[in-house]
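Trainee: Could you go through this model with me? I'd like to start with the overall picture and then look at some details.

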Amino acid sequence: MNHSFLRAVGLLGEEGIEKLNHSSVIVFGVGGVGSYAVEALARAGIGSITIVDNDIVDITNINRQLIALHSTIGMDKVAVSKSRTADINPLCKVTAIKEFYDESSNMDLTEYDYILDCIDSVKSKLLLAETAAKNNIKIISAMGTGNKLEPDKLKITDISKTSYCPLAKKMRAELRKRGINHLKVVYSTEEPKCRTVPPASVSFVPPVAGLMMAGEVVKDLIYD
């Protein structure tokens with residue numbers, strides 16, 4: 001066993017660590033939520049991680065994104081995330097795809113054990129949910145974390161049980177039109193503190209959502 005993960009054995013067991021070692025996940029979006037999700041997955045011992053994002057690091061990302069530093073401004077987010085992930089676990093197979101996910105994307109998602117949707121585009125989120133449902137792939141989707149201030153209001157549930165979140169409301173309605181009634185999500189029960197465009201954000205809400213997503217993925221992969 002890789003000694004990097006010895007401290008997790010008591011909680012996850014050697015068999016659990018091996019399952020994670022042989023698991024493959026894909027993370028869409030490495031912003032305030034996704035960058036922390038990738039980090040936690042790498043430190044949990046996931047054996048193969050694919051990172052998808054078409055953006056570069058901007059100075060406005062520094063307040064909330066793990067990969068955003070003054071030294072990384074202007075760099076591709078997927079490149080920064082790949083380098084960091086490989087440094088955490090050199091045995092992890094890390095694939096970086098600089099792409100905006102839409103109908104034109106030519107990705108075979110059936111090769112993955114889990115999809116993490118950490119992107120903002122409703123259209124892309126719906127496409128991921130549809131693809132996952134059609135191919136019976138596990139998926140967890142992040143709802144809105146902007147304009148929120150209370151990380152303890154975040155929770156993981158089925159989208160049919162969400163409230164307060166405008167993004168979840170829109171997703172729920174659109175999914176129903178597509179015959180999809182269930183989707184695992186992380187969302188906030190907090191009413192928005194403001195209504196800014198783009199949404200206001202802080203350093204301690206999106207990261208918590210990303211860590212929660214990664215934790216759910218790890219538990220699902222081991223125990224389901």
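Mentor: We will take the whole chain, then one helix, then the cysteines, and please keep in mind that this is a predicted model.

Trainee: Okay, how many helices and strands are there?

Mentor: The protein chain has six helices and seven strands, and along the sequence they come in the order α-β-α-β-α-β-β-α-β-β-α-β-α.

Trainee: And how compact is the chain?

Mentor: Its radius of gyration is 17 Å, close to the 17 Å that the globule rule gives for 224 residues, so the chain is as compact as a globular protein of that length. Of those 224 residues, 49% count as buried.

Trainee: Switching to H4, what do its buried residues pack against?

Mentor: They pack against strands E1 (24-28), E4 (114-117) and E5 (138-142), and also against helix H5 (166-177). Among the buried residues of H4 are Val122, Leu126, Leu127 and Ala132.

Trainee: What span should H4 have, and what does the model give?

Mentor: Helix H4 covers residues 122-135, and at 1.5 Å a residue its 14 residues should span 20 Å, which agrees with the 20 Å between its end C-alpha atoms. After H4 comes Asn136, which has a positive phi near 55 degrees.

Trainee: New topic: how many disulfides are there in the whole structure?

Mentor: A search of the whole structure finds zero. Cys165 is in no disulfide, and the nearest cysteine sulfur, that of Cys194, is 14 Å away, whereas a disulfide needs the two sulfur atoms within 2.5 Å.

Trainee: Are those two cysteines buried or exposed?

Mentor: Cys165 is buried, with a relative accessible area of 5%, while Cys194 counts as partly exposed at 26% relative accessibility.

Definitions and conventions: Residues numbered from 1 in each chain as written. Predicted model: local features only at pLDDT ≥ 70, side-chain atom pairs only at ≥ 80, totals over all residues. Heavy atoms only, no water. Buried < 20%, exposed > 50% of the residue type's maximum accessible area, 1.4 Å probe, protein only. Helix = DSSP H or I, 4+ residues; strand = E, 2+ residues; numbered from the N terminus. Expected span 1.5 Å × (residues − 1). Contact = heavy atoms within 4.5 Å. Rg over C-alpha atoms; globule rule 2.2 N^0.38 Å.
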